[in-house]
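Please look through the sequence and the model below before reading on. The paragraphs that follow lead through selected contacts, strands and surface features.

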Amino acid sequence: MKITDIDIDLLNTFRKGTVIPATPLALTKDRKLDERYQKALVRYYIDCGVGGIAIGVHSTQFEIREHGMYESLLTLVSKEIDSWSGLQNKKILKIAGVCGKTEQAVGEASFAVSAGYHAALVSLSALKDNCLDDLIKHCRRIAQIMPIIGFYMQTSVGGIVLPFEFWKEFASIPNVLGIKAAPFDRYKTFDVVRAICESGKEDDITLYTGNDDNIIIDLLTEYRIETAKGTRCMRIKGGLLGHWCVWTKKAVELLDEIHTIIASGKDIPAELLTRAIQVTDSNAAFFDSMNKFAGCIPGLHEVLFRQGLMTNVLCLNTEEVLSDGQKDEISRVYRSYPHLNDDEFIRMNLNKWLM
């Protein structure tokens, strides 16, 4: 499957920049897939106005593979996206997380294509002991199967350091759709942008932020990179974020607002910079930054549980739980920033999504 095989409307939406939630996993009390609530999450995201949905990624829990849930989960979500988006007359880009060493990753990518996914978000955590040439060969192999999105994942949750040299070579791989920069590090994010520009691929590879701690600033910033062939300009166009799997309606409104401001050429309102810090503070509670992100996934579950989109905060790993004080922190940001949540939107629609 090639980038040119993707529906042109979907491709244009991705290139413009859109909201792509990194979807969590809904579980029953005995830690089995809760199909009803998993479908409700898909419906929620689509009705919020997202342009894509990612599943099988870090926020979904990489452990789905150990529990034999990868194929059944991706099948369920793909079918529900098609069904619900069809009813709403919308088009949704479907992104599958692809992990493991090359043999496993090839198998996952091949399955993802058969299940109707458009692109693979490639995690390289399993190749942390490999050299850069091996990492590039791995990515090239996956790109032969379907379009790929590079993933610079923060090291605190299992990512590996990927230097400028890696990203420059990665940018030359045919069938690269985009890159999700999520190292939670301004210096490493700059490495990605500079590598794309140095490769002359700034018009071909779309950059998405995964820096949940710096969302608004990432989206507002124009990079101007001096290369051997002159100045190259590039922006981060959208977000492929775990943070945006909660309070998603407001995330869609936020991205639309940012796109409008950028298109107008007007100065950035000071209020938006203040809101940037409020979003980052909220993320600190959701992702449990004070405990080195130990509660990042159950923190997202806690928000969805409070909103009625999950029945519990359970993870597949029984030791992955909310940290001490994390509930209180989530309550604090709820009180502090009521304008950031979409609870009312969910209350109005929850019964419909749970049908």
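The side chain of glutamine 307 makes a polar contact with the side chain of aspartate 343, at 2.9 Å; a polar contact is a pair of N or O atoms within 3.5 Å, where within protein one must be able to donate a hydrogen and the other to accept it, and where residues adjacent in sequence count only if both atoms are side-chain atoms. Glutamine 307 belongs to helix α11, helices being DSSP runs of H or I with at least four residues and strands DSSP runs of E with at least two, numbered from the N terminus. With a relative accessible area of 8%, glutamine 307 is buried, a word that stands for under 20% relative accessible area, while exposed stands for over 50% and partly exposed for what lies in between (1.4 Å probe, protein chains only).

This is a predicted model, in which local features need pLDDT of at least 70 and side-chain atom pairs count only at pLDDT 80 or more, whereas totals for chains, interfaces and linings use all residues. Residues are numbered from 1 along each chain as its sequence is written, and side-chain values use heavy atoms, with hydrogens and water left out.

Helix α11 also holds a salt bridge, in which the side chains of arginine 306 and glutamate 302 meet at 2.7 Å, N to O; the term requires a side-chain nitrogen of Lys or Arg within 4 Å of a carboxyl oxygen of Asp or Glu. Because these two residues are four apart in helix α11, arginine 306 and glutamate 302 are separated by about one helical turn. Arginine 306 is partly exposed, at 33% relative accessible area, whereas glutamate 302 is buried, at 5%.

The structure holds 17 salt bridges, and one of them joins aspartate 9 to lysine 91, with 2.8 Å from N to O. Aspartate 9 lies in helix α1 (residues 8-16) and lysine 91 in the loop between α3 and β3, so the pair ties together parts that are 82 residues apart in sequence. Both partners are partly exposed, aspartate 9 at 41% and lysine 91 at 45%. Another salt bridge links arginine 65 with glutamate 108, whose closest N and O atoms are 2.8 Å apart. Here arginine 65 lies in the loop between β2 and α3 and glutamate 108 in helix α4 (residues 102-114), so the two tie together parts that are 43 residues apart in sequence. Arginine 65 is buried, at 16% relative accessibility, and glutamate 108 is buried as well, at 7%.

Which way do the residues of strand β2 point? In β2 (residues 52-55), Gly52 and Ala54 point one way and Ile53 and Ile55 the other, and all are buried. In a regular strand the side chains alternate between the two faces of the sheet. Strand β2 pairs with strand β3 (residues 93-98) in the parallel sense over four bridges, pairing being assigned if DSSP finds at least two bridges between two strands, and the bridge partner of alanine 54 in β3 is isoleucine 95. The chain passes from β2 through helix α3 (residues 70-87) to β3 in a right-handed β-α-β crossover, right-handed meaning that, with the strands pointing away from the viewer, the path from the first strand over the helix to the second runs clockwise. Within helix α3, isoleucine 81 is buried, at 1% relative accessibility.

A second β-α-β unit, also right-handed, is made by β6, helix α7 (residues 186-198) and β7. Strand β6 (residues 176-182) and β7 pair in the parallel sense over four bridges, with glycine 178 opposite threonine 206 in β7. Strand β7 (residues 206-209) is covered on both faces, since Thr206 and Tyr208 on one side and Leu207 and Thr209 on the other are all buried. Three bridges join β7 to strand β9 (residues 230-241), and these strands run parallel; in β9, glycine 239 is the bridge partner of threonine 209.

Two residues in loops deserve a look for their backbone angles. Arginine 31, in the loop between β1 (19-21) and α2 (35-48), has a positive phi near 60° although not a glycine, and is partly exposed at 25%. Aspartate 288, in the loop between α10 and α11 (296-307), likewise has a positive phi of about 60°, but aspartate 288 is buried, at 2% relative accessibility.
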